[in-house]
Amino acid sequence: MEDAVKSGKISGNGKYSQKCQKWFEETYEFNKCLLTTSCTDALEMAAILIDIQPGDEVILPSYTFVSTANAFVLRGAKLVFADSRKDHPGIDEASIEALITPKTKAIVPVHYAGVACDMDIIMDIAQKHGLFVVEDAAQAIDSFYTGRDGVKRALGSIGHLAAFSFHETKNIISGEGGMLVINDMQFAERAEIIWEKGTNRSSFFRGEVDKYGWVDVGSSFLPSEIIAAFLWAQLENLEKIQKRRLEVWNAYNDSLKLWAAENQIDMPHIPDFATNNAHMFYMVCNSIEQRTRLIDYMKKLGVQSVFHYVSLHTSIFYRNKHDYRILNETDRYADTLVRLPFYYELNEQKIIELILKYK
Ligand SMILES: *Cc1c(COP(=O)(O)O)cnc(C)c1O
């Protein structure tokens, strides 16, 4: 960060932004990456790029963060919420096709807890119906999917577009921050324009045009070089960070397995086609009462465990716009999922000891 400041250029798209983008492209085989100020911004760019118009329908899980939905609602889309899987809070891939209408434009799978959705199924449906797939890979850095062809692909490299987050709650952080991944290169040129306030500034600086001006809609989606430099330092430590996070995750999983079974609590499920990037450690209680008791128990001992999303189809903003379908699994996770403390410097053994004493 000091180096970025000393260089005298701290606005966006400088040395550190380009270093990060290139690193991601090379490490995970993303076709083109653009750093953004948040994953929310990257999703908004995706909605502009696939040309969402008022009335277009977008299929997404209800059990997700508001930004997955807001990006498309801002452009007038109608949200069609899919239920979660029985064995995982991610979208129930088998339920997607029945939700498609002539107005459907995109599917937005969310890789919950960094665990892959079954992308072969989703990409097949998208191809059959001519839809775009935007991966909400906010939690999914350094996580992979192995498809039917046996090839292991990084999450974020499969959909037409993908969005990552470097918010401080994620594995790799820059305070606030995100990235748009462009895999379908038909979007590459326009993505840069939207990123740079609707101007062709990027191609001007590459010498491709002799003056730059306003050529399309856009906004200011670039982070400063100070943020990119912070992110670069995180990337230099990615292996170390991931190793430590996996250690925490495995300690929780190994030590709490028996205890969870005795209390009829489900441990996290990782399908065979997915890897674990140790983004979070969650458990699924057998009732909302049990979850409340467990959270209260830990709170009294000074351990902060938290639930997660309130289903978007029951939210104050969207419940009257939802089509009234009941989403049983989504509601179940909203009521019963609990997350344990999870960060690099955590003393997980202390937390495990406390939990094991809960009856
Ligand atoms: C964190 C998160 C976001 C938003 O990321 P920001 O960088 O804070 O905008 C979007 N979707 C999901 C699934 C997330 O977990």
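A residue counts as buried when its relative accessible area is under 20%, and that cut-off is worth keeping in mind while you move through this model, which is predicted.

Select Cys 39 to begin: with a relative accessible area of 7%, this residue is buried. If you then look for a partner for its sulfur, the closest cysteine sulfur belongs to Cys 33 and lies 13 Å away, which is too far for a bond. Next, select Cys 20, which is also buried, at a relative accessible area of 0%; the closest cysteine sulfur to that of Cys 20 is again the one in Cys 33, here at a distance of 10 Å, and this too is too far for a bond. Because a disulfide requires two cysteine sulfur atoms within 2.5 Å, neither of these separations qualifies, and the structure as a whole holds zero disulfides.

Now turn from the cysteines to the backbone, bearing in mind that most residues other than glycine have a negative phi. Select Asp 142, in the loop that runs between strand E5 (132–136) and strand E6 (144–146); although Asp 142 is not a glycine, its phi is positive, at about 60°. The relative accessible area of Asp 142 is 22%, so this residue is classed as partly exposed.

For the last stop, select Ala 278, which you will find in the loop between helix H9 (238–262) and strand E10 (282–284). Ala 278 is not a glycine either, yet has a positive phi of about 50°. Is this alanine, Ala 278, buried or exposed? Its relative accessibility is 0%, so Ala 278 counts as buried.

Definitions and conventions: Residues are numbered from 1 along each chain as its sequence is written. This is a predicted model: local features need pLDDT of at least 70, side-chain atom pairs count only at pLDDT 80 or more; totals for chains, interfaces and linings use all residues. Side-chain values use heavy atoms; hydrogens and water are left out. Buried means under 20% relative accessible area, exposed over 50%, partly exposed in between (1.4 Å probe, protein chains only). Helices (H or I, at least four residues) and strands (E, at least two) are DSSP runs, numbered from the N terminus.
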